[in-house]
Amino acid sequence: MALQATARRTGAGTAVDVTERIHRFSLVERMLHWTIAVTGIVCILSGLGWYSKRSFGFLLSVFGGGETARLVHGVAGIVMTVASVALIGVLWRRYVFRFIPQDWAWLKVSGGYLRRHGKPAAASETPVPAQGFFNGGQKLWAILALVLGVLFLVSGLVIWWPDLWKNFLGQQALPIDLIRWAYVVHDAAFIVFAPMVIFHIYLSTLLNPSTFEAMTSGAVTRLWALYHHPLWYAEVMGEPGGAARGSGGGSGGESAGEAMPR
Ligand code: HEM
């Protein structure tokens with residue numbers, strides 16, 4: 001996306017500086033997201049150590065080895081899930097759990113990411129529809145991350161239970177079959193989560209330049225908003241002062257709903 005224009009004429013004829021920044025994420029949202037990012041990466045790296053001791057065992061020593069690495073992994077996991085519930089389940093709930101037709105249309109053409117050489121692939125002849133605060137893919141990812149976080153926490157506590165039981169709780173041990181199932185769930189969630197996190201980081205940094213600024217300063221340029229989330233941009237501009245966050249869906253917004261290139 002080239003920043004070739006410094007000003008864009010709106011329908012009303014007002015000159016707007018497209019490099020001007022608009023608010024996207026609050027400090028609390030960014031702090032929660034960074035907490036999820038750091039604890040998520042700690043969990044993935046330490047988890048890899050147990051997943052394949054032969055190839056990644058060295059990672060366990062990075063986190064103190066043995067019991068210390070286990071404690072670091074467990075505590076990071078609890079913090080990650082609590083932060084995910086607070087961010088996705090509470091603060092972002094109205095942007096994530098409300099699907100509008102544009103979301104399904106976005107998913108149908110995979111957000112235009114499968115286009116090759118500027119031409120749509122056979123599966124995505126239709127232009128990419130304009131999106132609200134989050135696009136259909138971001139909403140699905142947020143729901144997946146939340147569900148996986150809960151699965152990690154529940155299965156992780158069961159796996160950890162014998163230690164917790166011996167050291168702190170003084171209660172009966174759990175059935176061995178339950179602990180075995182917890183390992184299956186924990187490992188399956190890991191197999192989905194780890195590649196998804198890598199893909200998410202790639203999408204939010206290298207593939208879509210400037211997106212990372214939403215996570216650092218919390219603000220994005222008007223051009224970024226127009227390009228990636230035109231329905232949200234239209235909502236923000238509809239508010240006096242332009243500071244509102246909109247519904248995240250776009251209640252119609254068809255004027256801004258013309259297809260934008262991704
Ligand atoms: C260093 C690691 C990470 C980076 C650089 C990163 C980057 C970003 C950025 C820039 C956004 C804002 C996108 C926008 O404004 O539209 C975002 C959103 C989000 N992040 Fe991350 N993230 C990281 C780790 C994680 C982890 C570990 C999780 C999950 C547990 C996660 C879950 C989400 C979710 C659910 C959203 C909202 C939906 C979306 O934009 O995809 N992130 N991330």
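Biologist: Why are H1 and H2 called oblique to each other?

Modeller: The axes of H1 and helix H2 (residues 53–62) cross at roughly 140° and come within 6 Å. Angles under 35 degrees count as roughly parallel, over 145 as roughly antiparallel, 65 to 115 as roughly perpendicular, and the rest as oblique. Roughly 140° falls in the rest, so H1 and H2 are oblique. The axes are lines fitted to C-alpha atoms over the stretch in contact, with angles from 0 to 180 degrees between N-to-C directions.

Biologist: What kind of model is this?

Modeller: This is a predicted model, in which local features need pLDDT of at least 70, side-chain atom pairs count only at pLDDT 80 or more, and totals for chains, interfaces and linings use all residues. Residues are numbered from 1 along each chain as its sequence is written.

Biologist: Which residues make the contact of H1 with H2, and what is the hand of the crossing?

Modeller: H1 passes H2 in a left-handed crossing, where the near helix is turned anticlockwise from the far one by less than a right angle (clockwise would be right-handed). H1 brings Leu45, Ser46, Leu48, Gly49, Trp50 and Tyr51, and H2 brings Lys53, Phe56, Gly57, Leu59 and Leu60. A contact needs C-beta atoms, placed from the backbone, within 7 Å. These residues divide into 7 nonpolar, 3 polar and 1 charged. Here Ala, Val, Leu, Ile, Met, Phe, Trp, Tyr, Cys and Pro are nonpolar, Asp, Glu, Lys and Arg charged, and the others, Gly among them, polar.

Biologist: What makes H1 and H7 oblique?

Modeller: They pack at an angle of about 130°, with their axes 11 Å apart. That angle lies outside the ranges for parallel, antiparallel and perpendicular, and H1 and H7 are therefore oblique to each other. Their crossing is left-handed. Gly40, Ile44, Gly47 and Tyr51 of H1 meet Phe190, Ala194 and Val197 of H7. The split is 5 nonpolar, 2 polar and no charged.

Biologist: How does H1 pack with H3?

Modeller: Helix H1 (residues 27–51) and helix H3 (residues 66–91) pack at about 145°, axes 8 Å apart. H1 passes H3 in a left-handed crossing. Residues in this contact include Leu32, Ile36, Gly40 and Ser46 of H1, and Val72, Ala76, Met80 and Leu87 of H3. By class, the contact has 13 nonpolar, 10 polar and 1 charged.

Biologist: Which residues come nearest to the ligand?

Modeller: Ala37, Gly40, Gln138, Ala142 and Ala214, out of the 21 residues around the ligand. A residue is near if its C-beta atom, placed from the backbone, lies within 6 Å. H1, H3, helix H6 (136–169), helix H7 (176–207) and helix H8 (213–216) each give two or more residues to the shell. H7 gives the most, with 5 residues. The shell has 12 nonpolar, 8 polar and 1 charged residues.

Biologist: Why does Phe25 count as buried?

Modeller: Buried takes 20 or more other C-beta atoms within 10 Å, exposed 12 or fewer, and partly exposed lies in between, with C-beta atoms placed from the backbone. Phe25 has 22 such neighbours, so Phe25 is buried. Phe25 sits in the loop between strand E3 (21–23) and H1. Beyond four places in sequence, Phe25 touches Arg30, Ala214 and Gly218. Thr216 is 191 residues from Phe25 in sequence, yet 9.2 Å away, C-alpha to C-alpha.

Biologist: What makes Ser110 and Ser210 partly exposed?

Modeller: Ser110 has 16 other C-beta atoms within 10 Å, and Ser210 has 15. Both counts fall in between the two cut-offs, so both residues are partly exposed. Neither is a glycine, yet phi is positive: about 45° at Ser110 and about 85° at Ser210. Ser110 is in the loop between helix H5 (101–108) and H6, and Ser210 in the loop between H7 and H8.

Biologist: Why is Thr211 called partly exposed?

Modeller: Its count is 16, in between the limits, so Thr211 is partly exposed. Thr211 also lies in the loop between H7 and H8. Its C-alpha atom is 9.6 Å from that of Thr221, 10 residues apart along the chain.

Biologist: How many helices and strands does the protein chain have?

Modeller: The protein chain has 10 helices and 4 strands. These are DSSP runs, numbered from the N terminus: H or I of at least four residues, E of at least two. Of the 262 residues, 30% count as buried. Among contacts with a separation of 6 or more, 67% join residues 24 or more positions apart.

How values were computed:
Contact = placed C-beta atoms within 7 Å.
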